[in-house]
Amino acid sequence: MSDHDQLLVIVDPVARRSDGESVRIAKDVLCAGAEAKICLPDGPEEFSRALARRGSRRPVVLGDDRSLLRAVTLLHREREPAGAALSLIPIGAPDGLAVAHALGVPRATPAAARAVLDGSVRRLDLLADDAGGIVLGELLVPAAPVAAPGAPSVWDTCRTLVRTLVRPAPTALAVRTHRLRVEADGVRLADTGTPMEGLTVRTTGGAAEVTLHPMAAPPSQVTAQVLTVTGPDFRYRADGRVKGPVRRRTWTVGAGAWGLTLPGAAP
């Protein structure tokens, strides 16, 4: 039996409490197709110890986006030359699985479990910040409200109103502007003297795609490896979770820094 067939299945405690039936189904599929060691940690510390002691077994996490982020963060800190590959079977509330689904992990438990057994590892980018945090999906600076699925966000609504109204923006809309200094690879893109609505960052092709949203001009876009934002205390939203407040934060692209098992052949 190869190392590929030896799994360490880490079941997040929240997944066990929220959907025990999906956990059972996932375990049945995995154990039928591979040699699987099941680990049931009671909290983050036991989760971390189990992952650190995986040996040659492939780690498989049963849980939500928080579980995925925790596992990727721990693996990233190990700084293995090739990076360890990870598998995820998403179990949890729908609003806690947006990152996993956006990355291509199947929504249905049986399909996700089969992908662990039959899928291929794809190397993916991430953003690592200077405080030890990581971003796998979208970064918003400053933090923007979360909209209901299919509905425009308050931020987008404010942007539309400000740009279409002939009269000056009301005070309620004006508070949505921010004064931030933004540097990409050492080049200043914006300074505190120019109000802006914020910026959106995603990784693509080994670089960060940075979209600036000025207050009185169309959005502009650049790519960079290192992004630094400085300004009055601001919060930012990383993978749907609000962080901060901080006065300065730097994010660096980790190109192909981690591997995720997904259905189908690797690109």
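Biologist: How much space lies in the second largest pocket, and what makes it a pocket?
Modeller: In this predicted model, the second largest pocket holds about 380 Å³ of space, the volume filled by probe spheres set on grid points joined across faces, edges and corners. It's called a pocket because its points on a 1 Å grid over the protein atoms alone form an open set, with protein on both sides within 12 Å along at least five of seven lines. Local features need pLDDT of at least 70 and side-chain atom pairs 80 or more, while totals for chains, interfaces and linings use all residues. Residues are numbered from 1 along each chain as its sequence is written, and side-chain values use heavy atoms, with hydrogens and water left out.

Biologist: Which residues lie closest to the centre of the second largest pocket?
Modeller: L69, T73, G133, I134 and K243, out of 18 that line the second largest pocket; a lining residue has an atom within 4 Å of a point. Two or more lining residues come from each of α4 (65-78), β6 (134-135), β13 (226-238) and β14 (241-262), with α4 giving the most, six. Those labels are DSSP runs numbered from the N terminus: helices are H or I with at least four residues, strands E with at least two. By class, the lining splits into seven nonpolar, three polar and eight charged residues (Ala, Val, Leu, Ile, Met, Phe, Trp, Tyr, Cys and Pro are nonpolar; Asp, Glu, Lys and Arg charged; the others, Gly among them, polar).

Biologist: What makes the other kind of space a cavity, and how many of 30 Å³ or more turn up?
Modeller: A 1.4 Å probe fits at a cavity's points but cannot get out. One cavity of 30 Å³ or more turns up in the whole structure, and the largest cavity holds about 40 Å³. Its lining is L88, V105, P106, A112, A115, V116, T261, L262 and P263. Both α6 (109-118) and β14 give two or more of these, and α6 has the largest share, three residues. Eight of the lining residues are nonpolar, one is polar and none is charged.

Biologist: Why is α3 called oblique to α4?
Modeller: The axes of α3 (residues 44-52) and α4 come within 11 Å and cross at roughly 50°. That makes α3 oblique to α4, because under 35 degrees is roughly parallel, over 145 roughly antiparallel, 65 to 115 roughly perpendicular, and the rest oblique. The axes are lines fitted to C-alpha atoms over the stretch in contact, with angles from 0 to 180 degrees between N-to-C directions. P44, F47, S48, L51 and A52 of α3 meet S67, R70, A71, L74, L75 and E78 of α4, contact meaning heavy atoms within 4.5 Å. By class, that's seven nonpolar, two polar and two charged.

Biologist: Are α2 and α6 roughly parallel or roughly perpendicular, and how do you know?
Modeller: The axes of α2 (residues 20-33) and α6 cross at roughly 30° and come within 9 Å, so α2 and α6 count as roughly parallel. S22, I25, A26, V29, L30 and G33 of α2 meet T109, P110, A113, R114, V116 and L117 of α6. Eight of these are nonpolar, three polar and one charged.

Biologist: Where are the cis peptide bonds?
Modeller: One joins V141 and P142, with omega about -10°, and P142 is in the loop between β7 (138-141) and α7 (154-164). Another joins G244 and P245, with omega about 10°, and P245 is in strand β14.
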